[in-house]
Every structure is written in structure tokens, then in C-alpha cells.
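Biologist: I would like to learn how to read strand pairing in a model. Please take it one feature at a time.

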Amino acid sequence: MTAVRILIAGAGIAGLALASALERRGVVAEIVERTTVTGRGGGTGMYLQANAVRALGELGIGSTVTARANPIKRQRILDHRGRRLADIDVARLWGGVGECVALHRADLHASLRAAAARVPIREGTAVTGLYLGDGAPRVTFGDGTSDGYDLVVGADGVHSTVRRYALGGSSIRYVGQVCWRFVAHGFPDISDWTVRLGRGRSFLTVALGQAGVYCYADVNVREPGGPAGDWRELFADFADPVPGLLDQAAGAYRAPIEEVLTPAWTARRVVLVGDAAHAASPNMAQGAALAIEDALVLADELTTGQPVEAALAAYERRRTARVSWVRHQTRRRDRTRGMPAAVRNPVLRAAAGRMFQSHYRPLRERP
């Protein structure tokens, strides 16, 4: 690849993964991050499925991440009273692709940051303008400076500034759910991934080992600002261990669930990766996996010797079908979960194993 200047906006999972993937191929990018990176990831956890762990291995940090993580061997589906609907054997589901693990989000971020240690990062620096013109993009920053680049990458999340400047329009759709995330401690009997389904509500627990239990709760609600009052009361009828977990949920992180729907991921020499390009409902647990895969594919295309514009087009072609598949499955799963319990529960008892195999089968292949 001829020498080019690459700016990556965003030092989250997608941005750091891309910087690391490029650096491993001999290309050092620059990163700007509008917040302070130190401690990023907060007090929440995450579940990394086998294709995400495989992608981290290709970044050279698979063993580093799994050493910090708790292996997940089983995914359980229960009703809100704790009655079993299905058990999913994770090893069988992924067919030898690799293990699935859970860990603190901050631990994953720290591993990615270490992998990109030689990449310069300007913290507390926001992109405040982007001019495409007929040549290389020119970027202005919150500190009043500006600079030109051969390529600008928007890795700045659902509410991407780069996407807004490069592609315009409103690309965000609220999917009708609000969620809360937190980590609880003191529940050693929780050792796997378990979701409990109520009417328009779900409560997920993922074991982090000695690091605690990652909890994710969501409700169906028409407006992203609702519901009012103490949200924990919405789960008062859920069976143990939910009540005890909720005792530790006072500071839970709350957010509406949103999709990003944009007709393109590229505009001249600007490209989107991760949630900035294709955020979706989290029920497939593929957000991090897709972001890291995006990084690997984009770095691959950028270092084949082809012109930048051709590399961006090739990246989008390689990623579109896989991302579209995940989005389609998330919507199907949300519809299934939203069925009346009298319909949903027998369906899951009879067919959850086959459904999971179908949903994830294409993701076993390398991107």
C-alpha cells in the first residue's frame, strides 16, 4: 500500500480493532476520540461468541482476551418463572469455530488498546466538520485545528458524527425497546448464559466468573423515553435470582435500543465501520463480532495495492450480506420473543435448538 494518511474517528471496539489490524499490516493510522479513553467500557459486561473470539485471534489478542474472560458452555432460555424452555450447547452451535466467553467490556477495551499501543490517539477531540470536495477529505476538530487525510473512517458509534457529515439524513431507528445493563456480585451459582422471558420483557444473566454477573434487562415500550418510575418494578414477578440481582441495579446504564439504517457505508474517501455503519438490536450478541470483522476486512482490502476508492467498495461488498443476515435474524428473534407466552413457549421448547443453528450457521464461516 502506498503511504496514506488515515484518520479513525472513535476509539471504541471498531476503531481500535481497525487501528490494530492496519498496524499489523504496516500501516499506522491516527485516532481521535471525543471522550477520554482511559477507563472506557464502564461497569458493564459482554458476551463474545466464537466468531468474535476467532476475529480477536486474527488481531493477535485472542488468548489475551480469553485469559481475562469466563468460558460460556451453555445458553439457557427460561420463562420468567424460571421454567426451562430450551438449552443450547454452545460447542455444538458453533461447530468447532472456537469458544464463547464473557468478560467486562473494559477488559476487552484494554486488550484492544494494548494491541494498538503504537497508534497515536488524541483524546477529548471531537470531529466538528468534514469537507469531501473533489479530493482528499479535510477534517476540522473541536480544538479549532483542521487537517487533510487520504481516508477518514467513522468508527464513532450509533450517533456517528462522520456518518452525519458524509452521508447526511437520519439513519437511526428506535426498535421499540429500552434496556438496562449492570454487573452484580455474589452469585456463584450463575455459571452460564441465561435469558428469562416475560411478557414484553426479558432479563439476561451472563456469568463473568469471579468478576460477577453481567445483567441485561429490556422492555418493549413505544417511546424511547419510557417507562416512568423505578424500572426494577417491571421485573418484580420474575423468579430468583432476578430479585437479588436487581438489588444491585440502582446505577444501571440505561439506553434505548436503536438500529442504524444507511443506504451506503462509503462516500468518496470516507467509510463507516461497526455500529456507525450497521448497529442492530443486541439479541444476536454480534455487535462486537461484526465490528472486529469489519476492521479485519477493511484492513485487508486497504493493503492489497488497489486504489482507496476500490478498496472501500470491495469492503462494502464483502460485508453487506453478512451484516444483512444478522439484522434479519435480530428482527426475527425479536418477533418470536414478542409472541404471547402461550404461543412462544411451545415454539421455543420444540424448535429453539434448530432456530439457533439456523441463525448462526453462516457466521461460522470466515468473513
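Modeller: Start with one residue pair: Y174 stands opposite E258 in strand 17. This is a predicted model, in which local features need pLDDT of at least 70, side-chain atom pairs count only at pLDDT 80 or more, and totals for chains, interfaces and linings use all residues. Residues are numbered from 1 along each chain as its sequence is written, and side-chain values use heavy atoms, with hydrogens and water left out.

Biologist: In what sense do strand 13 and strand 17 pair, and over how many bridges?

Modeller: Two strands pair if DSSP finds at least two bridges between them; strands are DSSP runs of E with at least two residues, helices are runs of H or I with at least four, and both are numbered from the N terminus. Here strand 13 (residues 172-184) and strand 17 (residues 253-260) are antiparallel, with 7 bridges.

Biologist: How many bridges join strand 13 to strand 16?

Modeller: Strand 16 (residues 213-220) runs antiparallel to strand 13, and 8 bridges join them. In strand 16, C215 is the bridge partner of F182.

Biologist: How many residues of strand 13 are buried?

Modeller: Buried means under 20% relative accessible area, exposed over 50%, and partly exposed in between (1.4 Å probe, protein chains only). In a regular strand, side chains alternate between the two faces of the sheet. Strand 13 is mostly covered, with 10 of its 13 residues buried.

Biologist: What percentage of the chain's 367 residues count as buried?

Modeller: For the chain, the figure is 55%. The chain has 11 helices and 19 strands.
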